[in-house]
Amino acid sequence: MSAISNQLSERLSTISVSSTVKVSSEAGRLKREGVDVVDFGAGEPDFPTPDNIKRAAVAALDANFTKYTDTSGIVDLKKAICERHAKDYGTSYTPAECVVTVGGKHVIFELTQVLLNPGDECIIPVPFWVTYQDVVNYAGAKCVFVQSDEQAGFAISAAAIEKAMTPKTKLILINSPSNPSGNVLGREEFERICKLAKSRGVLIMTDECYCRFVYGSEPYSAAAFEGMKETVIVAGSLSKTYAMTGWRIGFGLAPKAVIDGIVKLQSHMTSNPTSIAQKAAVEALNGPQEAVGEMLAEYARRREYIVNRVRQIPGVTCQEPMGAFYIYPNFGQAMKNLGIESTLELATQLLTKAHVALVPGEAFGTDSHVRISYATSMHEIERGLQRIDDFVQGKLSPKP
Ligand SMILES: Cc1ncc(COP(=O)(O)O)c(C=O)c1O
């Protein structure tokens, strides 16, 4: 370790590099070496960004829309975000209650830094999206984890959240549909959680990253529940909905005081989200929405196949995900049969021996699962699942 390592801030040591990023970079390294890796690691749509959105960015470039914008985002985009949210979910935000950020991750980071003080407690259902734990730690607050019910599809309940609450509870992070479990929180239960939070003066951040990708139910937003505008804060993203991961556009919808706090932070951080990406986002939200439905239909087809296929692997069980584009199968019995003690070891062996990249469950707070993203082609899903099956059954020929 070089001497400069000792100079790094203590705050930095409260977080670690996202394990989802780690897995994809390791898979990338193998691929560059020419290894034929089936990559289930990345949580990103395999579809291209729709053409109308790309054309809007080109038009913005041609019009020299290439300078700084308002820190909180261009008015057209804030309007488009509020209008789309109103149309889809029946909310009533104004542009003053909206901020555009550099992706959904950015707004989640900013929200936690704006809301949490050292010593505050933040409730996080398990399994959780990796970033939550780190951004809460980075704010100096304490993560309080609440177990979900795997047998009920990783359901979370108001009762479990209530048990975890203390006078120090400041914030509850809800992600529905969930990454990694695919759980979709039922409307009634979410409403109970909101009422509970409101009665205790606690805030809820609802991460709506996968909100449009639900199977067999209608998308909804907790921000539309009656009387919850001061309790519920929306963290949104265009990344998955419009296959725009690289454009980096996210948003927050919240009471003005919270938005102003985010804008203050953002003014020293990024100045503004990229100008031409903002123009593209206006088109994504205001333009035709058919592409979203087409992507959802394809995810639904893959989901059906992958859930059935993974359930055929000995020692593996899998809850049916009701949203997003991940399965979160339980390899507990298979791990025992193979003498594998951790999901990291399982993921490492699957990558090196079966050439399949996926994310170990320990990244999401559980010890016998892996996350498999089905945002990849059917062909890759078939190949990858066969390799996993062969690995679990000891049928793989040794690879160097
Ligand atoms: C649950 C969840 N929230 C938020 C995000 C943020 O997405 P982005 O920063 O690409 O908008 C992700 C990305 O994977 C996610 O899985």
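Q: How far does a polar side-chain atom of Tyr210 lie from an oxygen atom of the ligand?
A: This is a predicted model, and the distance is computed from its atoms. A polar contact is a pair of N or O atoms within 3.5 Å. The polar side-chain atom of Tyr210 and the ligand oxygen meet that cut-off, with a distance of 2.7 Å.

Q: What share of the accessible area of the ligand does the protein cover?
A: On its own, the ligand has 390 Å² of accessible area. The part of this area covered by the protein is 92%.

Q: Which residue has a side-chain N or O atom 2.6 Å from an oxygen atom of the ligand?
A: Asn179 also has a side-chain N or O atom by a ligand oxygen, but there the distance is 2.7 Å. The distance of 2.6 Å belongs to the side chain of Ser237.

Q: Which helix gives the largest share of the shell around the ligand?
A: The ligand has 14 residues around it, and Gly104, Asn179, Asp207, Ser237 and Lys240 come nearest. By class, the shell has four nonpolar, six polar and four charged residues. Its largest share is three residues, and these come from the helix that spans residues 104–115, H4.

Q: How many cavities of 30 Å³ or more are there?
A: The largest cavity holds about 170 Å³ of space. The second largest cavity holds about 110 Å³. Both volumes meet the cut-off of 30 Å³, and the count comes to two.

Q: Which helix supplies the largest share of the lining of the largest cavity?
A: The lining of the largest cavity has 15 residues, and Tyr89, Arg212, Ser237, Thr241 and Phe251 lie nearest the centre. Helix H3 (75–89) and strand S7 (232–237) each supply at least two residues of this lining. The largest share is five residues, and the helix that gives them is H3.

Q: How many charged residues are in the lining of the second largest cavity?
A: The second largest cavity is lined by 15 residues, with Pro125, Pro127, Ile156, Asn175 and Ser178 nearest its centre. Strand S3 (121–126) and strand S5 (169–175) each supply at least two of the lining residues. By class, the lining has nine nonpolar and six polar residues, and the number of charged residues is no more than what is left: none.

Q: What is omega for the cis peptide bond that joins Val126 and Pro127?
A: Pro127 sits in the loop between S3 and helix H5 (130–138). The bond between Val126 and Pro127 is cis, with omega about 5 degrees.

Q: Which residue does a cis peptide bond join to Asn179, with omega near 20 degrees?
A: Asn179 is one of the residues that come nearest the ligand. Its cis partner is placed in the loop between S5 and helix H7 (187–200). That partner is Pro180.

Q: What is phi of Phe154?
A: Phe154 is in the loop between strand S4 (142–147) and helix H6 (158–164). Its phi is positive, in a residue other than glycine, and the value is near 65 degrees.

Q: Which residue of S12 stands opposite Pro360?
A: An open sheet of three strands has the order S9-S12-S11 with antiparallel pairing. Strand S9 (326–327) and strand S11 (359–360) are its edge strands, each pairing on one side only. Two bridges join S11 to strand S12 (residues 370–373). In S12, the residue opposite Pro360 is Val370.

Conventions:
Residues are numbered from 1 along each chain as its sequence is written. This is a predicted model: local features need pLDDT of at least 70, side-chain atom pairs count only at pLDDT 80 or more; totals for chains, interfaces and linings use all residues. Side-chain values use heavy atoms; hydrogens and water are left out. On a 1 Å grid over the protein atoms alone, a cavity is a set of points where a 1.4 Å probe fits but cannot get out, and a pocket is an open set with protein on both sides within 12 Å along at least five of seven lines; lining residues have an atom within 4 Å of a point. Grid points are joined across faces, edges and corners, and a volume is the space filled by probe spheres set on the points. Helices (H or I, at least four residues) and strands (E, at least two) are DSSP runs, numbered from the N terminus. Ala, Val, Leu, Ile, Met, Phe, Trp, Tyr, Cys and Pro count as nonpolar, Asp, Glu, Lys and Arg as charged, and the others, Gly among them, as polar. A residue is near a molecule or strand if one of its heavy atoms lies within 4 Å of it. A polar contact is a pair of N or O atoms within 3.5 Å; within protein, one must be able to donate a hydrogen and the other to accept it, and residues adjacent in sequence count only if both atoms are side-chain atoms. Accessible areas come from the Shrake-Rupley method with a 1.4 Å probe; for residues, only the protein chains shown count as cover. Two strands pair if DSSP finds at least two bridges between them.
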